[in-house]
Each structure stands twice: as C-alpha cells, then as structure tokens.
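Thanks for making the time this morning. I would like to walk through one model with you, beginning with a single strand pairing and working outward from there.

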Amino acid sequence: DIALYDSKTRQLSVIATSSNRALIGGPLWSPQRELLAFVQDEGVVTYSPSTKELQVFNLIPPDPQSGADSEVELILSGWSYNSDWLAYQYRYDTLPGESYLLNLKTGESQVPGFTETLWIEWSDTTSQIASFDDQFVYVSTIANPAEVTQFQKEGQQPNRIAWHADGTAL
C-alpha cells in the first residue's frame with residue numbers, strides 16, 4: 001500500500017492499495033514536494049497531499065523485446081525540476097530499459113533519442129536531459145528530445161551524472 005503519515009496530526013492515510021508491481025524507482029516526491037508519484041497497475045499516479053487529488057496516467061507498455069525472458073516492469077526514474085515532467089522506463093530482467101518522458105500537463109509521452117539507458121537526469125532549468133550507457137553520455141533538450149548529442153565516454157565509467165545548477169555543464 002501507499003500511505004502518508006502526517007506528523008502534525010499523527011494520522012496515517014492510505015492513498016492507494018498495492019498492485020502486483022514492485023515499487024522500484026518510486027514512490028518519488030516532486031522537487032517542490034507538492035506531488036508524490038508512484039506506479040500502480042499499468043500506469044503512473046500522482047497524488048497531491050494538499051488537495052487530496054489523485055491523477056492517473058494510463059500507459060501502454062511496449063511489446064516485449066526479442067530475447068526478453070520476463071514481463072516488462074514500469075519504473076519511475078525522475079522528476080523534472082519544475083515538476084511538469086516525469087521520466088519513466090520499461091525494463092526487462094535481462095535487457096536495458098526503454099525510456100520515456102511523461103508530460104504531466106498533457107498526459108502525452110515522448111521518446112528521447114536515447115532509449116536504452118540507465119537513468120535520466122534533468123537540468124535545473126528543465127530544458128535539458130542527459131543519460132548514459134556503457135559507451136556514451138547523451139544530451140538532449142526537452143523541446144526536441146529525439147535530437148541527441150552523444151559523447152564517447154573515456155576512462156572511468158560513471159555510475160551517475162549530474163547537471164551544474166545553471167544547466168551549462170554535466
């Protein structure tokens with residue numbers, strides 16, 4: 001179950017019952033702590049503690065990839081800094097995940113030009129996104145996520161990337 005504990009009233013409120021999915025990568029609070037996102041059934045749910053509203057985004061999982069030996073799993077991978085976007089992935093046990101960007105205002109999902117990466121990192125301005133895999137670091141803009149600049153990784157393999165606060169450097 002997904003529940004919130006109010007430390008002022010000392011009340012525990014269940015906001016959703018659990019599905020058969022593991023909550024990998026979630027639940028996640030938005031950067032301003034105004035919304036909580038979590039996976040339920042075949043979609044993403046956002047919850048506002050201040051209004052008690054749930055918003056459900058039903059998502060259509062991709063067809064299983066060739067060589068996949070299990071069902072696809074939906075995983076939340078991060079909020080944009082302005083809380084308008086939520087990155088998510090469909091992953092298989094033995095294969096990399098497919099990344100998507102969910103616009104919470106329109107309910108539309110966009111596919112970035114890099115799809116089988118480990119994580120999506122948002123710039124503080126929410127105008128850029130970045131990710132990486134075993135060979136490359138990928139950078140794109142939210143205005144055109146399909147257009148990607150890629151950089152060959154050299155030397156150490158990063159296990160995480162982060163944007164500078166002004167969005168000009170990774």
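Let me start with S8 and strand S9, the latter covering residues 98-103, which run antiparallel and are joined by 6 bridges. Before I go further, please keep in mind that this is a predicted model, and that what I describe has been computed from it.

Within that pairing, Gln 89 has Ser 99 in S9 as its bridge partner, and the side chains of Gln 89 and Ser 99 also make a polar contact, at 2.9 Å. Gln 89 itself belongs to strand S8, residues 85-91. Is this residue buried or exposed? Gln 89 counts as buried, because its relative accessibility is 0%, where the cut-off for buried is under 20% relative accessible area. The strand around it fits that description, since 6 of the 7 residues of S8 are buried, so S8 is largely enclosed by the rest of the structure.

S8 also pairs with S7, again in the antiparallel sense and again over 6 bridges. In that pairing Glu 73 stands opposite Arg 91 in S8. The hairpin of S7 and S8 has 5 residues between the strands, and there Ser 83 takes a positive phi near 65 degrees. As a general reminder, strands of a sheet pair through backbone hydrogen bonds, either parallel or antiparallel.

Let me now step back to the whole chain. The protein has 0 helices and 14 strands, and buried residues make up 41% of its 170 residues. If we take the contacts with a separation of 6 or more, 39% of them are accounted for by residues 24 or more positions apart.

Two open sheets deserve a description of their own. One of them has 4 strands in the order S3-S4-S5-S6, with antiparallel pairing, and its edge strands, each pairing on one side only, are strand S3 (28-29) and strand S6 (53-58). Inside this sheet, strand S5, residues 43-48, is joined to S6 by 6 bridges, and the two run antiparallel; Val 45 stands opposite Val 56 in S6.

The other open sheet is also built from 4 strands, in the order S11-S12-S13-S14, and its pairing is antiparallel. Its edge strands are S11 and strand S14 (148-152), each of which pairs on one side only. Strand S13, residues 136-141, runs antiparallel to S14, with 5 bridges joining them, and Tyr 138 stands opposite Gln 150 in S14.

One loop residue is worth a pause at this point, namely Ile 120, which lies in the loop between strand S10 (109-110) and S11. Ile 120 is buried, because its relative accessible area is 1%, against the cut-off of under 20%. Which residues is Ile 120 in contact with, leaving aside its neighbours within four places in sequence? The list includes Ser 77, Ala 87, Ser 99, Tyr 100 and Leu 101, and also Phe 114, Ile 129, Ala 130 and Ser 131. With Ala 87, which is 33 residues away along the chain, the C-alpha separation is 6.8 Å. Ser 99, which appears in that contact list, is also the bridge partner of Gln 89 that I mentioned at the start.

Ile 120 brings us to the pockets, as it is one of the residues lining the second largest pocket, together with others including Leu 28, Trp 79, Trp 119, Trp 122 and Arg 160. This pocket holds about 170 Å³ of space. Strand S7 (73-79) and strand S11 (121-122) each supply at least two residues of its lining, and S7 gives the most, with 3 residues. By type, the lining of the second largest pocket divides into 7 nonpolar, 2 polar and 2 charged residues.

The largest pocket, by comparison, has about 200 Å³ of space. The elements that give two or more residues to its lining are strand S1 (2-6) and strand S2 (11-16), and the largest share, 3 residues, comes from S1. Among the lining residues are Leu 4, Tyr 5, Asp 6, Gln 11, Tyr 47, Pro 49 and Lys 52. Here the division is into 4 nonpolar, 4 polar and 2 charged residues.

That is the tour I had planned, and I am happy to take questions.

How values were computed
Residues numbered from 1 in each chain as written. Predicted model: local features only at pLDDT ≥ 70, side-chain atom pairs only at ≥ 80, totals over all residues. Heavy atoms only, no water. 1 Å grid on protein atoms, 1.4 Å probe; cavity = no way out; pocket = protein on both sides within 12 Å on 5 of 7 lines; lining within 4 Å. Points joined across faces, edges and corners; volume = space filled by probe spheres on them. Nonpolar A, V, L, I, M, F, W, Y, C, P; charged D, E, K, R; others polar. Pairing = 2+ DSSP bridges. Buried < 20%, exposed > 50% of the residue type's maximum accessible area, 1.4 Å probe, protein only. Contact = heavy atoms within 4.5 Å. Polar contact = N/O pair within 3.5 Å; in protein donor to acceptor, adjacent residues only side chain to side chain.
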